[in-house]
Amino acid sequence: MLLQIPTEQIPIQKIDIDKSVRLFIKREDFIHPEISGNKYWKLFFNINNYLESQPENPLIITFGGAYSNHISAVSALGKLSEIQTLGIIRGEELENKWSDNPTLVFAKRNGMNLKFVTREEYRHKEKLTEFLQQEFPDALIIPEGGTNENAVEGIKMMLNNDTKDFDYLCTAVGTGGTIAGISSFCEENQKVIGFSVVSDDSLQDWISELTSKRNFHLTDAAFGGYGKINDDNVRFINDFKTKYDIPLEPIYTGKMMQKVFEMIDENYFPDGSKILCFHTGGLQGIEGANLLLEKQNRDLIR
Ligand SMILES: Cc1ncc(COP(=O)(O)O)c(C=O)c1O
C-alpha cells in the first residue's frame, strides 16, 4: 500500500507566551499514529517509488539505535504495506535484552527482523550497506534516520500556504534530512534554524550537501549529548505539557522547544517575529526514556 497525502490539514497551534514574538507549532506528529511526524515524509517517496518499481522480493532494510523513532516507523510501515523489514540495530549487547526495550518490542511485533551489530560495525554502515545490497539485490536500503535525497523531497510536504507567513522555521536536527528539506523548499525570505541534538561537527557540511540553499543556521541543542536527558529537560517537557497540552519527547522536540524558549528569553528573535516550530513526532520514545529515568530514580516524563 502506498503512503497517502492526508486530506486533512495539519494544524498549526499558537503557543501563548507573554513575549514580544509570536510562537507557533505545526503538529506533524498528528499525521499518523505510528509513522509520526517527519518520519512519514522522509519515508514517503522512498517507499512509494520502491513499491511502484514492483520489486520481486520486496524487503526494506534500515539502520538505527535502540530507541530509534525511525526503526519504529519503518517497522510500522512494513506492517502496513505488508513488506518484510529488517532493522540493523546498533549494540550487540541488545541481542539478549531487546525484550526490555519498548521500541524494539514494537518493531518485532510489527514483524521486523532485527540484526544486532557492534558499534564498530555500525560505524561502517557503508560497508554493511554494500554487503546487504549484494545479499538482497531487490531490497530497499534506507540510511539511518531515513535521510537521503528522497527524504529531502518528502519534507517539502511539511510546507504549504500556511507556513509561508512565518519569519523563522525551526526543527530539531539529527541526521539532517528534515532541515535540508525545509531549507530547500521554504520561501526566500524565511530563516531556518536547526536545533542540533547531536554533537557532530560534520553536520553543517553534510546538510550543505543535501540542500543548495544557505538559509539555515544550526544551533546546539544537545544538552550534554545525543540521548542525554537532564532534570531540566524533564521539567521543561512536563511544564510544557501542563501549560499547552502538547506532548514533547526528550530526544528531539523537547530539546528544540527548550532551546527556542531560551533564545526568546535572550532576545535572539527581533520583536514581532513569527516563529514556527515543527513537532516532528517521535512520542514513542517517551516510554523507553521513562524506563531509563525510573532506573535512575528520577522524575518521569508525564
Ligand atoms: C522526533 C524527531 N525529530 C527530529 C528528527 C531529526 O530529523 P533528521 O534526522 O532528519 O535531522 C528526528 C529523526 O528523524 C526525530 O525522530
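I take a polar contact to be a pair of N or O atoms within 3.5 Å, and I keep that cut-off in hand while reading the ligand site of what is a predicted model.

Entry on the ligand contacts. With that cut-off in mind I looked up Gly-176, where a backbone N or O atom lies 2.8 Å from an oxygen atom of the ligand; the pair therefore falls within 3.5 Å and counts as a polar contact. I then turned to the side chains, and noted that a polar side-chain atom of Lys-42 lies 2.7 Å from an oxygen atom of the ligand, while for Thr-280 a polar side-chain atom lies 2.6 Å from a nitrogen atom of the ligand. On its own the ligand has 390 Å² of accessible area, and I find that the protein covers 98% of this.

Entry on the shell. I asked which elements give two or more residues to the shell around the ligand, and the list I obtained is helix 1 (38-52), strand 7 (168-173) and helix 7 (177-185). Helix 1 supplies the largest share, with 3 residues. The shell comprises 16 residues, the closest being Lys-42, Gly-174, Thr-175, Thr-178 and Thr-280. When I sorted the shell by class, I recorded 11 polar, 3 nonpolar and 2 charged residues.

Entry on the second largest pocket. I looked up its volume and noted about 180 Å³ of space. Its lining is made of 14 residues, and those nearest the centre of the pocket are Pro-33, Ser-36, Gly-282, Leu-283 and Gln-284. Which element gives the largest share of this lining? I found that helix 2 (residues 69-81) does, with 3 residues. By class I wrote down 6 polar, 5 nonpolar and 3 charged residues for the lining of this second largest pocket.

Entry on the annotation. I checked the record last, and UniProt, in an unreviewed entry, places the feature "domain: Tryptophan synthase beta chain-like PALP" at residues 5-281. Over residues 5-281 I read the chain as 37% helix and 19% strand, and I noted that the end C-alpha atoms of this stretch are 17 Å apart.

Definitions and conventions:
Residues are numbered from 1 along each chain as its sequence is written. This is a predicted model: local features need pLDDT of at least 70, side-chain atom pairs count only at pLDDT 80 or more; totals for chains, interfaces and linings use all residues. Side-chain values use heavy atoms; hydrogens and water are left out. UniProt positions are given in the numbering used here, feature names are shortened, and annotations may be inferred rather than shown by experiment. Helices (H or I, at least four residues) and strands (E, at least two) are DSSP runs, numbered from the N terminus. A residue is near a molecule or strand if one of its heavy atoms lies within 4 Å of it. A polar contact is a pair of N or O atoms within 3.5 Å; within protein, one must be able to donate a hydrogen and the other to accept it, and residues adjacent in sequence count only if both atoms are side-chain atoms. Accessible areas come from the Shrake-Rupley method with a 1.4 Å probe; for residues, only the protein chains shown count as cover. Ala, Val, Leu, Ile, Met, Phe, Trp, Tyr, Cys and Pro count as nonpolar, Asp, Glu, Lys and Arg as charged, and the others, Gly among them, as polar. On a 1 Å grid over the protein atoms alone, a cavity is a set of points where a 1.4 Å probe fits but cannot get out, and a pocket is an open set with protein on both sides within 12 Å along at least five of seven lines; lining residues have an atom within 4 Å of a point. Grid points are joined across faces, edges and corners, and a volume is the space filled by probe spheres set on the points.
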